[in-house]
Amino acid sequence: PGRAQRSGSTSTSGGDGCSGVLSIVSRLLAQTGKGTAMPANGVLATMPVGMEPVWIAISADGNRAYVTLEEIRSDGVLGGVAVIDTSTNTVAATMTVGQPSGVVIAPDGRHAYVPNWDSDRGRGVVSVIDTETVTVADIITVSGLGGGPKGVAITPNGRHVYVATDNEAGMPEGQGKVSVIDTDTKAITAQ
């Protein structure tokens with residue numbers, strides 16, 4: 001729980017061309033103890049989430065799933081995070097972020113961290129979600145111009161978030177870096 005996994009979902013398009021569908025897969029919910037009576041195909045519920053679901057992290061208590069979303073359009077990429085109430089299998093909230101590249105939840109469940117490409121800033125950032133208010137509470141820049149986030153992990157004690165980035169201006173081709181964020185101060189402590 002708390003670590004992102006590629007969604008075991010299917011994505012379909014509705015008439016508007018951007019309606020994603022998320023299938024909650026039994027193996028993800030079984031980790032939380034929520035999946036007891038499993039259907040033969042392993043799909044407990046399917047719900048529309050508005051865009052293509054990409055990464056999923058489930059809170060330690062199993063009450064919420066945080067699903068990153070993206071929609072590739074001719075004028076750029078839209079990104080978001082859907083919060084799923086796992087007791088009702090409904091979308092409780094959706095937030096806008098840049099193009100996401102993962103999601104992790106702090107062990108205490110108070111924050112979710114979503115690395116994403118902020119096209120307005122031309123940089124990689126981490127959107128910090130306050131899980132109580134279900135809002136983006138902070139944005140932390142993790143790369144220089146052109147650097148896009150590629151992955152994220154959180155330490156077991158929740159004190160640090162590690163974010164991998166690449167393609168930053170001024171770096172040799174094919175190289176990147178890992179930024180370490182102190183979750184208390186929201187400051188980068190190492191790169």
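Here are three exercises with worked solutions on the structure above.

This is a predicted model, in which local features need pLDDT of at least 70, side-chain atom pairs count only at pLDDT 80 or more, and totals for chains, interfaces and linings use all residues. Residues are numbered from 1 along each chain as its sequence is written, and side-chain values use heavy atoms, with hydrogens and water left out.

**Exercise 1. The chain as a whole**

Task: Find how many helices and strands the chain has, and what share of its residues is buried.

Solution:
- Step 1. Begin with the secondary structure: there are one helix and 16 strands. Helices (H or I, at least four residues) and strands (E, at least two) are DSSP runs, numbered from the N terminus.
- Step 2. Turn to burial: of the 191 residues in the chain, 46% are buried. Buried means under 20% relative accessible area, exposed over 50%, and partly exposed in between, with a 1.4 Å probe and protein chains only.

**Exercise 2. A sheet of four strands**

Task: Work out the strand order of the open sheet formed by four strands, and which strands lie at its edges.

Solution:
- Step 1. Read off the order, which is E13-E14-E15-E16, with antiparallel pairing. Two strands pair if DSSP finds at least two bridges between them.
- Step 2. Look for strands that pair on one side only: these are E13 (148–154) and E16 (187–190), the edge strands.
- Step 3. Add the twist: on average, neighbouring strands of this sheet are turned by 35° against each other, direction ignored. Axes here are lines fitted to C-alpha atoms, for helices over the stretch in contact, and angles run from 0 to 180 degrees between N-to-C directions.
- Step 4. Zoom in on one pair: seven bridges link strand E14 (residues 160–166) with strand E15 (residues 176–182) in the antiparallel sense. Asp166 has Gly176 in E15 as its bridge partner.

**Exercise 3. Salt bridges and exposure**

Task: Count the salt bridges, then say for two of them whether each partner is buried, partly exposed or exposed.

Solution:
- Step 1. The count is three salt bridges. A salt bridge is a side-chain nitrogen of Lys or Arg within 4 Å of a carboxyl oxygen of Asp or Glu.
- Step 2. Take Asp75 and Arg73, whose side chains meet at 2.9 Å, N to O. Asp75 is exposed, at 59% relative accessible area, while Arg73 is partly exposed, at 36%.
- Step 3. Now take Asp118 and Arg121, joined at 3.6 Å, N to O. Asp118 is buried, with 14% relative accessible area, whereas Arg121 is partly exposed, with 40%.
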